[in-house]
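Work through the exercises below with the structure open beside you. Try each task before you read its solution.

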Amino acid sequence: MRTRIKICCISSMQEAQLAIRLGADALGLVGKMPSGPGPIEDDLIAAIAKTIHPPIASFLLTSRQSATGIIDHVKRTGVNTVQIVDALSEGTYEHIKEALPQLKIVQVIHVTGEESIEEALKLHEKVDSLLLDSGNPKAAIKTLGGTGNTHNWAISRQIVKLVSVPVFLAGGLNETNVAEAINTVEPFAVDVCSGVRTNRLLDEKKLLSFIGAVSTVEKA
């Protein structure tokens, strides 16, 4: 089955259209974060989301941790998918689904060790997808994505095999390692931010190379 491609940290209409033209299946729009690259204002997220049409998915990356806060953030931006980058600490996923029944919910799990497997098993039946990343929500200043660092793919592979929902793989992917990542982890999709950027801007050559590397695995 073809590995899907999500291009994250989209910062303009031009970047969105470039990513779609070159073959992205989903675009990530980053809301306010405690650290990391890519956050843009909610008004700009909403404007870009209006230009993203099915079958392309529009992802809002939110650091809000309450169900009511997440619902409000989604309504403000008009996306069709929410990527919750931190733990849900108030309210439930059911609350979000009741308020926004058409919304897809993707929960991020930051792969820090074997404990991440247990976390995935607790959550996978409550959401539509999981996304495995390399952040550290327990750091003094939380890192919730966009680190440019890889994590232990052996743990990610175990999670993919154990859960019942699609899994996105993120964290330090680029044209040189994405084929190995796909062969090792066998994710539903790969997610890239810094690996296809130069000076924080989406780089067409790097994006083409990244998408080409993904396609070589599919043809193998």
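Five exercises with worked solutions follow.

This is a predicted model, where local features need pLDDT of at least 70, side-chain atom pairs count only at pLDDT 80 or more, and totals for chains, interfaces and linings use all residues. Residues are numbered from 1 along each chain as its sequence is written, and side-chain values use heavy atoms, with hydrogens and water left out.

**Exercise 1. The barrel**

Find the order in which the eight strands close into a barrel, and say how they pair.

Solution. Start with the terms. Strands (E, at least two residues) and helices (H or I, at least four residues) are DSSP runs, numbered from the N terminus. Two strands pair if DSSP finds at least two bridges between them. Now follow the barrel: its order is S1-S2-S3-S4-S5-S6-S7-S8, and the pairing is parallel. On average, neighbouring strands of this sheet are turned by 25 degrees against each other, direction ignored. Axes here are lines fitted to C-alpha atoms, for helices over the stretch in contact, and angles run from 0 to 180 degrees between N-to-C directions.

**Exercise 2. Strand S4 and its partners**

Describe how S4 pairs with S3 and with S5, and how the chain travels between them.

Solution. Take S3 (residues 57-62) first: four bridges pair it with S4 in the parallel sense. Phe59 stands opposite Thr81 in S4. The chain leaves S3, passes through helix H3 (residues 67-77) and reaches S4 in a right-handed β-α-β crossover. Right-handed means that, with the strands pointing away from the viewer, the path from the first strand over the helix to the second runs clockwise.

Next comes S5 (residues 104-110), which runs parallel to S4 and is joined to S4 by four bridges. Gln107 in S5 is the bridge partner of Ile84. From S4 the chain crosses through helix H4 (residues 93-99) to S5, again in a right-handed β-α-β crossover. Gln83 has Val106 in S5 as its bridge partner.

Last, check the faces of S4 (residues 81-84). Thr81 and Gln83 on one side are buried, and so are Val82 and Ile84 on the other. Buried means under 20% relative accessible area, exposed over 50%, and partly exposed in between (1.4 Å probe, protein chains only).

**Exercise 3. Two packed helices**

Are H5 and H6 roughly parallel or roughly antiparallel?

Solution. Two packed helices are described by the angle between their axes and the distance between the axes. The axes of H5 (residues 115-123) and H6 (residues 153-162) come within 9 Å and cross at roughly 25 degrees. H5 is therefore roughly parallel to H6. Angles under 35 degrees count as roughly parallel, over 145 as roughly antiparallel, 65 to 115 as roughly perpendicular and the rest as oblique. Now list the contacts (heavy atoms within 4.5 Å). Ser116, Ile117, Ala120 and Leu121 in H5 meet Ile155, Gln158, Ile159 and Leu162 in H6.

**Exercise 4. Positive phi**

Which of Cys9 and Asn199 is buried, and which is exposed?

Solution. Most residues other than glycine have a negative phi, and most peptide bonds are trans. Cys9 has a positive phi, near 65 degrees. Cys9 is buried, because its relative accessible area is 6%. Asn199 also has a positive phi, near 55 degrees. Asn199 is exposed, because its relative accessible area is 72%.

**Exercise 5. A cis bond**

Which residues does the cis peptide bond join?

Solution. The bond joins Pro54 and Pro55, with omega about 10 degrees. Pro55 lies in the loop between helix H2 (42-49) and S3.
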